[in-house]
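Me: Could you walk me through how the labels on this model are earned? I would like each term set against its cut-off.

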Amino acid sequence: MGGKSGSKGWCNWLLVLVILALIVGGIVFTIKKKKSGNSDEAAPVPGPPGAISKGYADALKIAMQFFDIQKSGKLVDNKISWRGDSGLKDGNEAKVDLSKGMYDAGDHMKFGFPMAFTATVLSWTILEYGDQMDAVDQLEPAQDSLKWITDYLINAHISDNVLIVQVGNPESDHKCWERPEDMPEKRPLTQVNTSYPGSDVAGETAAALASASLVFKKSYPTYSSNLLKHAKQLFSFADKYRGSYSESIPEVQTYYNSTGYGDELLWAASWLFHATGDHSYLDYVTGDNGQKFANFGSPTWFSWDNKLAGTQVLLSRISFFGAKGASNNGGLLKYRQTAEAVICGLLPRSPTATESRTRSGLIWVSEWNALQHPVASAFLAALYSDYMLTSRTAKISCDGRSFTPADIRKFVRSQADYVLGENPMKMSFLVGYGDKFSQFVHHRGASIPVDAKTGCTDGFQWLESTKPNPNVAVGALVGGPFLNETFIDSRNNSMQTEPSTYNGAVIVGLLSSLVTTSSAVQSFT
């Protein structure tokens, strides 16, 4: 009898333990479920800018300096000791002042297509995150850099249907290795017009000027009106005289070949709607042109060449926050759905996650300038997560699995942190940030001592030099790692060590989204 009673006691205790385990397991499962984004409850709406994240703030201050390094023209309040006035005669052959603007990368070309994209992204960053940039004293420098480009773009639009899209000859330019202050070679101009159309470059320039008109609307109303006037004219030119500048001017294919112009037309019209409130632009993107060019349901990579993902995120903000007379526009839903497909493809735990990433999780699409795509993608993801938070949208569904704004933010930080040094190479790809970064940036001005007297070709001794650059290109975002997560720090390795101005824009956008938190702006006007 005693044995049976003891056995029964143990059974009772075992039953109690099983029940307790089930209760604890249920609690843990509930907590994990909430953390994994399956809760229907929206996160709180952020208020004004909160606590500053010092690491991202320091990185933003560094990244902003690269725009000063890239400036052409008569430099005002020059902050870069090894830079001086350059390109002062640019535009003389057309009797127009094209001295301003920015050099494209490590060379001295002014390519209008990527330069306009730089301006559009910089404008978008200021419009979305201006309060956060201001919290770390970077709003005014960003506005100054933007205006340096838009001053150039206005002057490049020499008549309604004529736009200068390039200053310099890339073949002759790339035969030299010299400081921009010492350029002796001729700087020919290339244009698009009614006979040689360029809907892509004209459309991107229209987007740049329309978005910038919003940036300067309160601070420089007359200048803003002039920007908007040029934006409207350029959009009309791009739309009426359709054609790719790569087909009109085959020489540009070697450097900035455009794969189509439909995305730029939609991008420009979207920005013009935000700038004007004119519903003809909204009708443009949601009507036949949207059906023809928007590639609904198919995610794409955001870059200087392809603006579709950017357009989809930009237009999704209307469905999040509304716009006068736009609430019943069904075409906007397709843009938002495709924007969500873009975001779902970026999230590593999504069923639709792209496989285009390194072992450590960096989005990786191209050997050349590898960091453009992850940084630009993370910028779009940051915007979308902020739209969700401010509109109290709890989650998005990726093929049946839910993700919250916090999940999206985790991806955003992962890309930024990789760039800033949390990677297998233990190096920062942002020059000047951290203890280890590229010492051999592919950049003429950075590689040549200020007091060196070099001509066109004898300057190549500095390209071939085994010594680190004498001038640090602070803020330069270099090309980035190979797929196997290696980096060869060589000045001749332009694939990995050359920075670009448009990369500067997307990294500034990404870092501005991370310096602190605040509510998304619900209207740009």
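Reply: Happy to; below we go through the disulfides, burial and a charged patch. This is a predicted model, where local features need pLDDT of at least 70, side-chain atom pairs count only at pLDDT 80 or more, and totals for chains, interfaces and linings use all residues. Residues are numbered from 1 along each chain as its sequence is written, and side-chain values use heavy atoms, with hydrogens and water left out.

Me: How do you know that cysteine 176 and cysteine 456 form a disulfide?

Reply: A disulfide is a pair of cysteine sulfur atoms within 2.5 Å. The sulfur atoms of cysteine 176 and cysteine 456 are 2.0 Å apart, so the pair qualifies. By this rule the count comes to two disulfides.

Me: Which cysteine is joined to cysteine 344?

Reply: Cysteine 398, with an S to S distance of 2.0 Å. The torsion about that S-S bond is about -80 degrees, so this disulfide is left-handed.

Me: Why is cysteine 176 called buried, and cysteine 456 partly exposed?

Reply: Buried means under 20% relative accessible area, exposed over 50%, and partly exposed in between (1.4 Å probe, protein chains only). Cysteine 176 has 4%, so it is buried. Cysteine 456 has 25%, so it counts as partly exposed.

Me: What makes arginine 401 partly exposed?

Reply: Its relative accessibility is 31%, so arginine 401 falls in the in-between class. Arg401 also gathers with Arg349, Lys410 and Arg413 in a patch of positive charge on the surface. Such patches are made of residues with over 30% relative accessible area and no salt bridge (a side-chain nitrogen of Lys or Arg within 4 Å of a carboxyl oxygen of Asp or Glu), with like charges joined within 9 Å.

How values were computed: Patch = residues over 30% accessible without salt bridge, like charges linked within 9 Å, V, L, I, M, F, W, Y side chains within 5 Å. Areas by Shrake-Rupley, 256 points an atom, 1.4 Å probe, with all protein chains shown as cover. Lys, Arg positive; Asp, Glu negative; His and termini not counted. Charge placed at Lys NZ, Arg CZ, Asp CG, Glu CD.
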